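Please open the model in your viewer and keep the sequence panel beside it. This tour goes stop by stop, saying what to select and what is there.

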Amino acid sequence: MIEVVASMARGPVFLAGEVMECLITFTNPISHLSTSASSEMLAWASAQIHCQFHASESRVALPAQGTKQDVQAESDTVLIPSRGEGGQCMLDTPPKILFCDLRLDPGESRTYSYSEVVPNDGPPSFRGQSVKYVYKLTIGCQRVSSPIKLLRVPFRVLVLHGMPEPPFPQDEEVAPSNPFLEEEEGGRRDDRPLERALDMLTITSRRCPHLFNITNMRGKVAKFCIFKTVYRLGEDIIGTFDFSEGDIPCIQYSVSLQSEEEIQQGYQRRPGQSISVTGHGRHLESCLHTASTHFSLPVPLNVTPGFSTDIVTLRWRLHFEFVTSREPMESHNVLQNQPEVTVWTGAEHVDYFIVYPFIQNPQESIALSHD
């Protein structure tokens, strides 16, 4: 029996185009004190990255593919990383041989280093209601005259759209240098995909307020302000409401962070197929007689940023719901120098509307417009 352990030093999350580094250790766990101890002989071992695609048969219509043989003979020495898995292999990297003809004595172990560039032409890791894109590092090894054994290590890939290309490498003799900075091996610091991605994320984090008027058929409800429209994973989406200039009393509002998963028209199982919507957080607040308020919704760290492929498109949105009163609500103002204590009791019955932005309602509709 051979024990195989794979360790990713920098964790299981990578950017597309980044170099993955993994240490793979092969160990013969039989103690040398055992009477039945014997050496183990491995013919070869290799590793490669592949992306597996899974689709819901009830929502996605994929083109028919010919039948393929998924049974691997015991004497076969070809590594098929997706062997035994459902779905389709979207892309894979060329396999890299780790060793050939390795002998391990009882208690002995050998460690090999594997490095590969994560493909930048593939989709990001995504687990949706209709499709899934799953990345795995597959390690295969084989004893002499024995079937191939596979070890699959899942990891996550993030695709950052709009990231600038690396600068053209300059010749060392004419490249400007700073004697006060230590040069790093393998190129300059800003040439790395991770550093360029951090620079881009810093740019997208700049704030620029966006103002919207929230109105319905009877008038203005509130003014909504959001400070930016591009957010990073783990960041808080913060928005404010100003009800002081509204013509219609707002009793309650809610804001939900949602993702839309839309199958491209050519792959839809039914014409006019609905979009799958998933909620990732909700803020609910009563706001009657409130002049201004705000909400904060965190973007989860385990979600996938918006992307688009030939099969599916993922978008993100904020969904609003407002409960407004049909009749004017009497406001109760408390004087600053009023000596007596004033107690205000809420109305026992309120005739109200429930309105939703971007959805046409037969009785009432609401719209967002730039201020």
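**Stop 1: strand S13 and its partners**

Select S13 and S16: the two strands pair in the antiparallel sense, over seven bridges. This is a predicted model, so treat every stop as a computed picture. Now pick Phe-241 and look across to S16, where its bridge partner is Thr-293.

Add strand S12, residues 219-226. Four bridges join S12 to S13, again running antiparallel. Pick Lys-223; its bridge partner in S13 is Asp-242. Strands of a sheet pair through backbone hydrogen bonds, either parallel or antiparallel.

Show the side chains of S13, residues 236-242. Which of them are buried, and which are not? Ile-237, Gly-239 and Phe-241 point to one face and are buried. Asp-236, Ile-238, Thr-240 and Asp-242 point to the other face and are not buried. In a regular strand the side chains alternate between the two faces of the sheet.

**Stop 2: the whole chain**

Zoom out and color by secondary structure. The chain has one helix and 20 strands. Of its 371 residues, 37% count as buried. Turn on contacts between residues at least 6 apart in sequence: 74% of these join residues at least 24 apart. Switch to the surface. About 22500 Å² is exposed, with carbon and sulfur atoms supplying 52% of it.

**Stop 3: the cores**

Select Met-20, Phe-26, Leu-98, Val-131, Tyr-133, Leu-137 and Phe-155. These touch the most other members of the largest nonpolar core, which has 39 residues. Strands giving two or more residues to this core include S3 (19-27), S6 (96-104), S9 (131-143) and S18 (312-325). A second, separate core has 22 residues, among them Phe-224, Cys-250, Leu-257 and Val-303.

Return to Tyr-133 and leave out neighbours within four places in sequence. What is Tyr-133 in contact with? Its contacts include Cys-51, Gln-52 and Phe-53, then Met-90, then Pro-123, Pro-124, Ser-125 and Phe-126. Phe-307, Thr-309, Ile-311 and Val-312 are also in contact with Tyr-133.

**Stop 4: a three-stranded sheet**

Select S1, S3 and S7. They form an open sheet in the order S1-S3-S7, with antiparallel pairing. Strand S1 (3-8) and S7 stand at the edges; each has a single partner strand, so one side of each is left without a neighbour in the sheet. From one strand to the next, the twist averages 20°.

Look along the S3 and S7 pair, which is antiparallel and joined by nine bridges. Phe-26 stands opposite Arg-110 in S7. Phe-26 is also one of the core residues from the previous stop.

Now go to Val-19, also in S3. Is Val-19 buried or partly exposed? Val-19 counts as partly exposed because its relative accessibility is 42%, and buried would require under 20%. Beyond four places in sequence, Val-19 touches Phe-14, Ser-115, Glu-116 and Val-117. Draw a distance from Val-19 to Pro-119: their C-alpha atoms are 9.4 Å apart, with these positions 100 residues apart along the chain.

**Stop 5: Thr-313**

Thr-313 lies in strand S18. At a relative accessible area of 12%, Thr-313 is buried. Show its contacts beyond four places in sequence: Glu-260, Glu-261, Glu-262, Gln-264, Phe-307 and Ser-308. Phe-307 also appeared among the contacts of Tyr-133. Then draw a line from Thr-313 to Ile-275, which is 38 residues away in sequence; the C-alpha atoms are 10.0 Å apart.

**Stop 6: two positive phi values**

Most residues other than glycine have a negative phi. Check Asp-101, where phi is near 55°. Asp-101 sits in strand S6 and is exposed, with a relative accessible area of 56%.

Next, take His-289, with a positive phi of about 60°. His-289 is in the loop between strand S15 (276-286) and strand S16 (292-298). At 39% relative accessibility, His-289 counts as partly exposed.

**Stop 7: confidence**

Finish by coloring on pLDDT. The chain's mean is 79, and 70% of residues reach 70 or more. Select 167-175: pLDDT stays under 50 there, and the model has four contacts beyond four places in sequence for this stretch. Then select 358-371. Here too pLDDT stays under 50, with 42 contacts beyond four places in sequence.

Technical notes:
Residues numbered from 1 in each chain as written. Predicted model: local features only at pLDDT ≥ 70, side-chain atom pairs only at ≥ 80, totals over all residues. Heavy atoms only, no water. Buried < 20%, exposed > 50% of the residue type's maximum accessible area, 1.4 Å probe, protein only. Contact = heavy atoms within 4.5 Å. Areas by Shrake-Rupley, 256 points an atom, 1.4 Å probe, with all protein chains shown as cover. Core = buried A, V, L, I, M, F, W, Y, C linked by side-chain atoms within 4.5 Å. Pairing = 2+ DSSP bridges. Axes fitted to C-alpha atoms, helices over the stretch in contact; angles between N-to-C directions. pLDDT = per-residue confidence, 0-100.
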